[in-house]
Amino acid sequence: MGLAEYKRKRNFRKTPEPAGKVAPSQGELHFVVQKHAASRLHYDFRLELDGVLKSWAVPKGPSLDPSVKALAVEVEDHPLDYAGFEGVIPKGQYGGGTVMVWDRGEWAPDGDAAAALKKGHLKCAVNCEKLSGEWSLVRMARRQSDKNNWLLIKSKDDAARSKREYDVTVEEATSVITQRTLEEIAADADRVWTSNP
Ligand code: MN
């Protein structure tokens, strides 16, 4: 996909988001989840692949409960340096609202990730602060109109938790890089946080 759609949707004179470029990194593949209070609150689940961040918007957020199949809508690829973006996208701009770096770390695919994404079933192992463990992304793809709809599902492993006992999106409400809440990030709107991935 590349970054053409990402750039087309944004005016970089008006948004503090990184313009970015396709930049394959060395070593581990980056993983980030951003909590994004846009017109609707959602969590953006992003996996580095081929120099960009493959991205899914998860309206209800990820769950550590393997019985939960969370809708994950595939969105445009984002630049790698987006993984360090936390701040406020101005009102009226694409995705206007507050962005928090909610979780961050590395991930590894089970086999050939590009082929798995094409097939619509990606298994991955994530090493981070809140969502460590194994996950699956499964494309629904029943109709052409739903072709961007995937399900994000926690595998049954040691990190799995029943949602009744532990709801990770309720228990974990702050940024992994600044420990701020969404409200605190919004209050610091003029202070855009950027850090290299
Ligand atoms: Mn978003």
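The following paragraphs describe the metal site, the largest pocket, the nonpolar cores and selected loop residues of a predicted model.

The manganese ion is held by three residues, with donor atoms ND1 of H36, NE2 of H42 and OD of D44. The coordination distances run from 2.2 to 2.3 Å. Along the chain, these donor residues follow the spacing H-x5-H-x1-D. Both histidines, H36 and H42, are buried.

The largest pocket has a volume of about 300 Å³. Its lining comprises 18 residues, of which H36, H42, D44, Y94 and G95 are the closest to the pocket centre. Three of these names, H36, H42 and D44, also belong to the residues that coordinate the manganese ion. Two elements, β2 (41–49) and β4 (70–79), each give two or more residues to the lining. By class, the lining is divided into six nonpolar, six polar and six charged residues.

The largest nonpolar core contains 30 residues. Within this core, the residues that touch the most other members are F31, F45, L47, W107, L131 and L137. Strand β2 makes the greatest contribution, giving four residues to the core. The contacts of F31, leaving aside residues up to four places away in sequence, include F45, L47, W107 and L131. F31 also touches the charged residues R46, D103, R104 and E106, together with G105, V126 and C128. A second core, separate from the largest one, has 13 residues, among them L3, L80, Y82 and V99.

Three loop residues were examined for exposure. S39 is located in the loop that connects β1 (29–37) and β2. The relative accessible area of S39 is 80%, so this residue is classed as exposed, the cut-off being over 50%. The C-alpha atoms of S39 and G84 are 22 Å apart in space, and the two residues are separated by 45 residues in sequence.

The other two residues have unusual backbone angles in view of the general pattern. Most residues other than glycine have a negative phi. D50, which is not a glycine, has a positive phi of about 55 degrees. D50 lies in the loop between β2 and β3 (52–58), and is exposed, with a relative accessible area of 60%. Q179 likewise is a residue other than glycine with a positive phi, in this case near 60 degrees. The loop that holds Q179 runs between α3 (168–171) and α4 (182–187). With a relative accessible area of 52%, Q179 is also exposed.

Notes: Residues numbered from 1 in each chain as written. Predicted model: local features only at pLDDT ≥ 70, side-chain atom pairs only at ≥ 80, totals over all residues. Heavy atoms only, no water. Donors = N, O, S within 2.8 Å, 3.2 Å for Na, K, Ca; no water. Buried < 20%, exposed > 50% of the residue type's maximum accessible area, 1.4 Å probe, protein only. 1 Å grid on protein atoms, 1.4 Å probe; cavity = no way out; pocket = protein on both sides within 12 Å on 5 of 7 lines; lining within 4 Å. Points joined across faces, edges and corners; volume = space filled by probe spheres on them. Core = buried A, V, L, I, M, F, W, Y, C linked by side-chain atoms within 4.5 Å. Contact = heavy atoms within 4.5 Å.
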